[in-house]
Amino acid sequence: MASETPDQPDNPFEPGNGRGSNPIAVVSTRAGVPLRVAAIEDDRTPEHMECMGTFFQDRLIARSAVPPEVLEELEARDVFASPVRLGLAVMEEDPGLQCRLFALLPAAQFQETDAEEPWAQSVPRFEKAEESEETDEDTVVPLLLGHIVRFRQDRKHPDDLPAEAVDILQTILSDDDGPSEIVDKLLNDLRG
């Protein structure tokens with residue numbers, strides 16, 4: 001489940017993200033993927049937050065804790081009415097690989113957004129996209145969907161981080177056990 005802390009920016013696309021010098025591999029889908037987000041029940045959700053589930057073909061692929069206003073605003077703007085590209089940032093960090101899954105939303109959707117809207121504050125680099133006088137059609141705003149862990153022993157390409165990132169993104173979009181199973185396994189292992 002995702003959680004952001006003010007002391008550590010949660011944007012792997014920015015240098016100096018508080019994670020040291022570990023290499024990062026970033027991959028994305030070439031085409032949009034039909035996604036749906038909705039509030040889901042999860043007893044690990046912090047108080048005053050909602051668990052936002054992201055679904056691909058009716059299968060849960062990611063979860064994150066967000067303020068209730070974020071879900072309301074995403075629904076009001078119908079952000080996922082059209083397929084969106086997915087991005088995945090992968091870093092080598094215990095217990096293997098730490099990954100962040102993002103929806104890469106067209107920046108044009110947010111040009112007229114009021115900066116006071118609470119959900120806009122959770123979007124990395126939102127202000128930079130808004131301040132730009134010229135908006136390229138390819139400019140995207142990454143929206144964090146969730147965190148994924150791949151254990152060291154489960155790696156398919158131990159010496160090739162970009163190939164591993166591609167494999168993880170393919171796994172997320174495949175029909176077999178998705179990342180929610182991996183997150184549940186990690187949480188259960190940590191609980192003992």
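How exposed is Arg77, in terms of relative accessibility? At 28%, Arg77 counts as partly exposed, because the buried label needs a value under 20% and the exposed label one over 50%. Keep in mind that you're looking at a predicted model. Here's a quick tour of the strands, the nonpolar core, one buried phenylalanine and the salt bridges.

**The open sheet**

- Three strands, in the order E2-E3-E4, make up an open sheet with antiparallel pairing.
- E2 (36-40) and E4 are the edge strands; each has a single partner strand, so one side of each has no neighbour in the sheet.
- From one strand to the next, the twist averages 30°.
- If you want to follow the E2 and E3 pairing, it is antiparallel and runs over 5 bridges.
- A handy place to look is Ala39, which sits opposite Met52 in E3.
- As background, strands of a sheet pair through backbone hydrogen bonds, either parallel or antiparallel.

**E1, E5 and E6**

- Strand E5 covers residues 85-93, and it pairs with strand E1 (residues 24-28) in the antiparallel sense over 5 bridges.
- In that part of the model, Val26 faces Ala89 of E5.
- E5 also runs antiparallel to strand E6 (residues 96-106), with 9 bridges joining the two.
- Gly87 finds its bridge partner in E6, namely Phe102.
- To get from E5 to E6, the chain goes through a hairpin of 2 residues.

**The nonpolar core**

- The largest nonpolar core is made of 31 residues, and the ones with the most contacts inside it are Leu35, Phe80, Leu88, Leu101 and Leu145.
- Plenty of elements chip in: those giving two or more residues are the strands E1, E3, E4 (59-66), E5, E6 and E7 (140-151), plus helices H1 (68-77) and H3 (161-172).
- Phe80 is a good residue to click on, since you can then pick out its contacts with Leu35, Val37, Leu74, Ala103, Leu105, Leu143 and Leu145, leaving aside residues up to four places away in sequence.

**A look at Phe56**

- You'll find Phe56 in strand E3, which spans residues 50-56.
- Phe56 has a relative accessible area of 8%, so it counts as buried.
- Skipping residues up to four places away in sequence, Phe56 touches Val33, Pro34, Leu35, Ile61 and Leu173.
- Ile172 is 116 residues from Phe56 along the chain, yet their C-alpha atoms are separated by 8.9 Å.

**Salt bridges at Arg44 and Arg77**

- Across the whole structure, a search turns up 9 salt bridges.
- One of them links the side chains of Arg44 and Asp42, at 2.7 Å from N to O.
- The two partners get different labels: Arg44 is partly exposed at 24% relative accessibility, while Asp42 is buried at 12% relative accessible area.
- Back to the opening residue: Arg77 forms a salt bridge with Glu73, and the closest N and O atoms are 3.2 Å apart.
- Arg77 and Glu73 are 4 residues apart in helix H1, so about one helical turn separates them.

**Arg150 and its network**

- Arg150 belongs to strand E7.
- With a relative accessible area of 7%, Arg150 is under the 20% cut-off and therefore counts as buried.
- Apart from neighbours within four places in sequence, Arg150 is in contact with Gly96, Leu97, Arg155, Lys156, Glu164, Asp167, Ile168 and Thr171.
- The side chains of Arg150 and Asp167 are joined by a polar contact of 2.7 Å, and the pair also counts as a salt bridge, with 2.7 Å from N to O.
- Arg150 is in strand E7 and Asp167 is in helix H3, so this pair ties together parts that are 17 residues apart in sequence.
- Asp167 is buried too, with a relative accessible area of 16%.
- The story carries on past this pair: Glu92, Arg150, Arg155, Glu164 and Asp167 are joined into one network by salt bridges that share partners.

Note on methods:
Residues are numbered from 1 along each chain as its sequence is written. This is a predicted model: local features need pLDDT of at least 70, side-chain atom pairs count only at pLDDT 80 or more; totals for chains, interfaces and linings use all residues. Side-chain values use heavy atoms; hydrogens and water are left out. Buried means under 20% relative accessible area, exposed over 50%, partly exposed in between (1.4 Å probe, protein chains only). Contact means heavy atoms within 4.5 Å. Two strands pair if DSSP finds at least two bridges between them. A nonpolar core is a set of buried Ala, Val, Leu, Ile, Met, Phe, Trp, Tyr and Cys residues joined through side-chain atoms within 4.5 Å. A polar contact is a pair of N or O atoms within 3.5 Å; within protein, one must be able to donate a hydrogen and the other to accept it, and residues adjacent in sequence count only if both atoms are side-chain atoms. Axes are lines fitted to C-alpha atoms, for helices over the stretch in contact, and angles run from 0 to 180 degrees between N-to-C directions. A salt bridge is a side-chain nitrogen of Lys or Arg within 4 Å of a carboxyl oxygen of Asp or Glu.
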